[in-house]
Amino acid sequence: MPHNTFFIKEATAHENIQELEAFLMNVSGVERVLVDPDDGEIKVEYNNEEIELQEIASNIVSQGFHIET
């Protein structure tokens, strides 16, 4: 199962982490979400037959989070 890591600036506050985890776990094709609050690192495991990586990134941004590049 593919996975990818994103760095989200806002994913260091407890409320933001819970909000993002809950949102992503309700996205079809996302299997697992792990967040490191120390640096905003988010690891997402997903089923690439149901969802593409770019679609996951777009969903994150649509919720008001900013992916660091």
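**Salt bridges**

I started with the charged pairs and found 1 salt bridge in the structure, taking that term as a side-chain nitrogen of Lys or Arg within 4 Å of a carboxyl oxygen of Asp or Glu. This is a predicted model, so local features need pLDDT of at least 70, side-chain atom pairs count only at pLDDT 80 or more, and totals for chains, interfaces and linings use all residues. I number residues from 1 along each chain as its sequence is written, and side-chain values use heavy atoms, with hydrogens and water left out.

Which residue forms a salt bridge with Glu 45? Arg 32 does, and the closest N and O atoms are 3.9 Å apart. The pair joins distant parts of the chain, with Glu 45 in strand E3 and Arg 32 in strand E2, 13 residues apart. Helices here are DSSP runs of H or I with at least four residues, strands are runs of E with at least two, and both are numbered from the N terminus. As a reminder to myself, side chains of opposite charge can pair when their charged atoms come close.

I also looked up how open the two partners are. Glu 45 is partly exposed at a relative accessible area of 27%, and Arg 32 is partly exposed too, at 42%. My cut-offs are under 20% relative accessible area for buried, over 50% for exposed, and partly exposed in between (1.4 Å probe, protein chains only).

**Confidence**

The mean pLDDT of the protein is 94, and 100% of its residues reach 70 or more; pLDDT is the predictor's confidence in each residue, from 0 to 100. Among the elements, H1 has the lowest mean at 92 and E3 the highest at 97.

**The sheet**

Next I traced the strands. There are 3 of them in an open sheet, ordered E1-E3-E2, with antiparallel pairing. Why is one side of E1 and of E2 left without a neighbour in the sheet? Strand E1 (3-7) and strand E2 (30-36) stand at the edges, so each has a single partner strand. On average, neighbouring strands are turned by 20 degrees against each other, direction ignored. For such angles, axes are lines fitted to C-alpha atoms (for helices over the stretch in contact), and values run from 0 to 180 degrees between N-to-C directions.

I count two strands as paired if DSSP finds at least two bridges between them. E2 and E3 (residues 41-46) pair over 6 bridges, and E1 and E3 over 5 bridges. Going along E2, I found Arg 32 opposite Glu 45, Val 33 opposite Val 44 and Asp 36 opposite Glu 41. From E1, His 3 stands opposite Glu 45. The hairpin of E2 and E3 has 4 residues between the strands, and Gly 40 takes a positive phi near 75 degrees there.

**Helices on the sheet**

H1 (residues 14-25) packs on the sheet and touches E2 and E3, its direction making about 165 degrees with that of E2. H2 (residues 53-62) packs on the sheet as well, touching E1, E2 and E3, at about 30 degrees to the direction of E1. Contact means heavy atoms within 4.5 Å.

**The core**

I then went to the largest nonpolar core, which has 18 residues; Ile 8, Leu 24, Ile 42, Ile 56 and Ile 60 touch the most other members. Such a core is a set of buried Ala, Val, Leu, Ile, Met, Phe, Trp, Tyr and Cys residues joined through side-chain atoms within 4.5 Å. H1, E2, E3 and H2 are the elements that give two or more residues to this core.

Is Ile 42 buried or exposed? Ile 42 is buried, at 1% relative accessibility, and its place is in strand E3. Not counting residues up to four places away in sequence, Ile 42 touches a list that includes Phe 6, Ile 8, Leu 20 and Val 33. With the same neighbours set aside, Ile 60 is in contact with Phe 6, Ile 8, Leu 20, Leu 24, Phe 65 and Ile 67.

**Asn 4**

Last stop was Asn 4 in strand E1, which is partly exposed at 23% relative accessibility. Asn 4 and Lys 43 are 39 residues apart in sequence and 5.7 Å apart in space, C-alpha to C-alpha. Beyond neighbours within four places in sequence, the contacts of Asn 4 are Ile 42, Lys 43, Val 44, Tyr 46 and Leu 53.
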